[in-house]
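Hello,

Here is the structure I promised to pass on. Please open it first, then read my notes below.

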Amino acid sequence: MKHLSLAASFVLLISACAALAASQSASPQQTRADAEKDPVLSAMLAELDRNNSALQLKGFDKPFFIQYRIEDIDDFQTHADFGASLGQDHRHQRVARVTVRVGNYKTDSSTTRGDGSVELTSLDNDPLALRAALWQATDEAYKAALSAYARKQAELKQVQTPPQQDDFSQEAPVISIEPLVKIDIDADSWAKRIAEVSGLYRTDSALKSLDTSVQYSSAAFQARAINTYLVSSEGAIVRKGTTSYEESFAVGTQAADGMHLDRSYGSDGVALTDLDSEAAFNSHAAKLVVSLADLRKAPLVEEEYHGPVLLSADSSADAIHTLVAGAVTAVRPELGTEARTQGPFASSYHTRVLPDFLDIVDDPSLASYNGKSLVGAYKIDDEGVPAQTVKLVADGRLENYLIGREPVRDFPKSNGHGRAALTGPAHPQIGVLNVTAHEGLTDDELIKKMLALAKDRGLKSVYYVDTLGPELTPRLLYKISEDGKRELVRGATLDDLDQRALRSGVLAAGKDSWVANYDGAVPETVLSPALLFDDVTIRRANEKNDKLPYYPAPQ
């Protein structure tokens, strides 16, 4: 190993300092004066100053915290069924949300459901119109906060155990003004493209000959730009923008016994270039139609099975999103309890929640993975706190929670995960949840390991879950025999795929991660490898099957 001389080390130190100074001078610190060049922020700051100095009902507490958030939403959607467009919908609106807190950082007026008032506001940047909407919302939010504070004071007198942490954390205010974003699409071209893919089952010669008996075939495209403006009485000033694009396709039918069979596919991202090409998307849609024909002919799953089950990386991401994403968020417990937080991991701090070869990190700064954009990435959360990378699970042990500005025991400060749905209050939520294995296996190695387990237990077959639907119900499930032959089966449920199974039942994990983007109320991303479970119960669903249509669909 080579060692540097003292003189060389000093030169490197001087160079590093110069580089840092140059980078700082290249990106000068933004100020309120910069923010006031934006007409929306300027109006928000003016009204905030007015209310911050003068808002107080005689004989009542003055607010100690006020936050204004305006969301400018530009949304385009087009839908189609059976090869025909259902039309286009393009909406543009602005919504203001005002949060007022009365009391102090230790005990304030906030409640577990979230607080504040919402008002529609103008689109044309008229300062008086913008301020009028904020004024009305502030008045309503302040009165509600006074009432909530009085109720909380009364409730605190009824409990013996005091709150375990302050109600609101003190955070350094940031000023961050990012460029505005917009959507730029050819609406008519997208409407045509969506209509064509929704009718693929009847226009593609290779699909027309299949016995699918399609009962619905739908496609949709959505493009959305959201510019968020946030100011607070603490001095935070934030302008940030996000765009999202999604093309989706869904098709369904019934088997001869009446069982409903559904398949869906989506392509999404933060830019149009992230989406599949038209040819690639149509190819995926065609494969779904083919899979319906296969599912209609597939036998029912056996009545009950107990044994090894392998979840593909795709299915594992859905399982992690359902079972872990909400569990690692710290939510304020009920008054009067000694609990740290709520949820399935409420008492799991510093204990094992996964096998010791798995780690989980939430990294909102991770904007792409293997060339795919991640919709859960962000820089500053919806409470004006910079996002932080959080090591949640290390060697299977829960070492952290995701938290916003409502502290819980042992976690007095936000780690930048207070995220809000449109017009909603901020709550702790994941950004980009990344699950990794210390020594992951290839898919072939996982299959071999599962078959070896089956042989040791005298099982004639095992199961591989390719894709999951709502409520972790298998959509594509394969029965794998001793010789490795796969057989598609249908009509299954997974009975005991839960947090206990994740903690004690995972034997191995894959080496390659699947990217699962969830464009819900708050965009989230999960990266997960395939997971091999030691013992999962698979049962036949035995649900009521609807009668088939009395006569065929029109040709």
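**The largest pocket**

Strand S7 is the top contributor to the lining of the largest pocket, giving six residues. Keep in mind that this is a predicted model.

S7 spans 260-269 and is one of several elements that supply at least two residues each to that lining. The others are helix H8 (278-297), helix H9 (313-323), strand S17 (461-468), strand S18 (474-481) and strand S22 (514-518). By class, the lining holds 14 nonpolar, 13 polar and 16 charged residues.

How much space lies in the largest pocket? About 1,400 Å³. Its lining has 43 residues. Closest to the centre are Ser 264, Tyr 265, Gly 266, Asp 314 and Trp 514.

H9 deserves its own look. This helix is mostly covered, with eight of its 11 residues buried. The buried ones are Ala 313, Ser 315, Ser 316, Ala 317, Asp 318, Ala 319, Ile 320 and Leu 323. As background, an α-helix has 3.6 residues a turn, so residues three or four places apart point the same way.

**The second largest pocket**

This one holds about 950 Å³ of space. Its lining is made of 35 residues, and the closest to the centre are Thr 242, Val 375, Ala 377, Arg 419 and Pro 523. Three strands give two or more residues each: S5 (216-232), S6 (237-254) and S14 (418-420). Which of the elements gives the most to this lining? S6 does, with seven residues. The classes divide into 16 nonpolar, nine polar and 10 charged.

**The annotated span**

The UniProt record, an unreviewed entry, carries the annotation "domain: Metalloprotease TldD/E C-terminal" for residues 308-538. In the model, that span is 14% helix and 33% strand. The C-alpha atoms at its two ends lie 10 Å apart.

**Ser 169**

Next, go to the loop between helix H4 (127-156) and strand S4 (175-177), where you will find Ser 169. Is Ser 169 buried or exposed? Its relative accessibility is 2%, and buried means under 20%, so Ser 169 counts as buried.

The side chain of Ser 169 makes a polar contact of 2.7 Å with the side chain of Glu 171. Leaving aside residues up to four places away in sequence, Ser 169 touches Tyr 105, Arg 405, Pro 407, Pro 412, Lys 413 and Ser 414.

**Two positive phi values**

Most residues other than glycine have a negative phi. Two residues here are worth checking against that.

Thr 423 is not a glycine, yet its phi is positive, near 70°. Thr 423 sits in the loop between S14 and strand S15 (426-428). S14 also appears above, among the strands that line the second largest pocket. With a relative accessible area of 29%, Thr 423 is partly exposed.

Asn 542 has a positive phi too, of about 50°, and is not a glycine either. Where is Asn 542? Look in the segment after strand S24 (531-540). Why does Asn 542 count as exposed? Its relative accessibility is 64%, and exposed means over 50%.

That is the tour. Over to you.

Best wishes

Key: Residues numbered from 1 in each chain as written. Predicted model: local features only at pLDDT ≥ 70, side-chain atom pairs only at ≥ 80, totals over all residues. Heavy atoms only, no water. Helix = DSSP H or I, 4+ residues; strand = E, 2+ residues; numbered from the N terminus. Buried < 20%, exposed > 50% of the residue type's maximum accessible area, 1.4 Å probe, protein only. Polar contact = N/O pair within 3.5 Å; in protein donor to acceptor, adjacent residues only side chain to side chain. Contact = heavy atoms within 4.5 Å. 1 Å grid on protein atoms, 1.4 Å probe; cavity = no way out; pocket = protein on both sides within 12 Å on 5 of 7 lines; lining within 4 Å. Points joined across faces, edges and corners; volume = space filled by probe spheres on them. Nonpolar A, V, L, I, M, F, W, Y, C, P; charged D, E, K, R; others polar. UniProt positions renumbered as here; feature names shortened; annotations may be inferred.
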